[in-house]
Each structure stands twice: as structure tokens, then as C-alpha cells.
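Me: I should like to learn how to read the features of a protein model, step by step. May we begin with the pairing of strands?

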Amino acid sequence: MINTLNMNFPDDNYPDFGSMVLDREGDLMLLGADVHKLNSRLTRAVCVGTYGADKFSFGTGDFAYAIDTERLFIYESTTDSWIEQEG
């Protein structure tokens with residue numbers, strides 16, 4: 001098992017999350033170059049459905065912050081998507 005972002009994936013089948021890491025408080029931090037991976041790799045459908053994760057470790061209201069571009073995203077579970085927050 002490979003454990004990343006508080007999810008367990010099979011050794012031979014796990015997504016490339018790039019720069020994504022959890023900080024000490026459990027908040028998701030990443031670089032702007034990996035923002036596109038939020039909705040293409042870090043959703044319940046992809047992590048659990050495609051890659052066989054044991055769980056999806058994010059819920060409505062969790063946020064992701066791109067530290068170099070200062071962009072903020074909030075996860076919304078009913079749409080299984082990360083939504084960029086304005087201003």
C-alpha cells in the first residue's frame with residue numbers, strides 16, 4: 001500500500017498528485033503548476049473509483065491553497081469538485 005494525502009492506494013495503482021501535500025493542520029497545499037490536478041486526480045470518483053483508494057480524505061469545506069499563485073480552492077462533495085474562490 002502507498003499512503004498519500006491520508007489515503008491508501010494499491011502499490012501498483014496510484015495517482016500522481018505532484019506537489020500536493022498536507023500541512024500540519026491537515027490543509028492541502030500545492031504549487032500552481034498542479035492546480036489542474038485538483039479536478040483531474042483529486043476527486044472521490046478518481047481516487048476511489050479509478051485508483052482503488054480505501055477512502056477519500058476530503059469533504060465539503062476542505063480547502064487547497066496554491067502557495068506560489070495565492071489561489072484558493074474549496075472542495076464541494078455533492079459535485080465532487082474543487083471550486084476556486086474569488087478575491
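Me: Which residue is the bridge partner of V21 in β4?

Reply: A bridge links a residue on one strand with a residue on another, and strands pair if at least two bridges are found between them. In this predicted model, V21 has M29 in β4 as its bridge partner. The two strands concerned, β3 and β4 (residues 28-30), pair in the antiparallel sense over 2 bridges.

Me: Which residue in β5 is the bridge partner of M29?

Reply: The partner of M29 in β5 is Y65. Here the sense is parallel, and β4 and β5 are joined over 3 bridges. M29 is thus named in two pairs, with V21 and with Y65.

Me: In what order do the strands lie in the sheet?

Reply: One follows the pairs from strand to strand. The order is β3-β4-β5-β6-β7, an open sheet of 5 strands with mixed pairing. β3 (21-22) and β7 (81-84) are at the edges; each has a single partner strand, so one side of each is without a neighbour in the sheet.

Me: In which sense do β5 and β6 pair, and over how many bridges?

Reply: These two strands pair in the antiparallel sense over 4 bridges. Within this pairing, A64 stands opposite F73 in β6. β6 (residues 71-76) and β7 are also antiparallel, over 4 bridges, and there I74 faces I83 in β7.

Me: What distinguishes the two faces of β5?

Reply: The faces of a strand can be compared by how far their residues are covered. In β5, A64 and A66 form the covered face, whereas F63 and Y65 form the uncovered one. Two residues already met can now be placed: A64, which is opposite F73, is on the covered face, and Y65, the partner of M29, is on the uncovered face.

Me: How should I read a positive phi, and where does one occur in the turn between β5 and β6?

Reply: The general idea is that most residues other than glycine have a negative phi, so a positive value deserves notice. The hairpin of β5 and β6 has 4 residues between the strands, and E70 in the turn has a positive phi of about 55°. E70 is exposed, with a relative accessible area of 64%; the cut-off for this word is over 50%.

Me: Which residue takes a positive phi in the hairpin of β6 and β7?

Reply: That residue is D80, with phi near 50°, in a hairpin that also has 4 residues between its strands. A further case is N6, which is not a glycine and has a positive phi of about 65°. N6 belongs to the loop between β1 (2-4) and β2 (7-9), and its relative accessible area of 44% makes it partly exposed.

Me: Where is R44 found, and which residues does it contact beyond its neighbours in sequence?

Reply: Contacts of this kind show which parts of the chain meet in space. R44 is found in helix α2, and it is partly exposed at 40% relative accessible area. Leaving aside neighbours within four places in sequence, R44 touches G49, F56, F58, Y75 and D80. D80 is the residue with a positive phi in the hairpin of β6 and β7.

Me: How far apart in space are R44 and Y65?

Reply: Separation in sequence and separation in space are read as two values. R44 and Y65 are 21 residues apart in sequence, and their C-alpha atoms are 19 Å apart. T60 and S81 are likewise 21 residues apart in sequence, with 9.4 Å from C-alpha to C-alpha. T60 is in the loop between α2 (44-50) and β5 (63-66); beyond four places in sequence, it touches Y75, E76 and S77.

Me: How many helices and strands does the whole chain contain, and what is its radius of gyration?

Reply: The chain has 2 helices and 7 strands, arranged along the sequence as β-β-β-β-α-α-β-β-β. The radius of gyration is 12 Å, which agrees with the value near 12 Å for a compact globule of 87 residues. Buried residues make up 31% of the chain.

Key:
Residues are numbered from 1 along each chain as its sequence is written. This is a predicted model: local features need pLDDT of at least 70, side-chain atom pairs count only at pLDDT 80 or more; totals for chains, interfaces and linings use all residues. Side-chain values use heavy atoms; hydrogens and water are left out. The radius of gyration is taken over C-alpha atoms; the globule rule is 2.2 Å times the number of residues to the power 0.38. Buried means under 20% relative accessible area, exposed over 50%, partly exposed in between (1.4 Å probe, protein chains only). Contact means heavy atoms within 4.5 Å.
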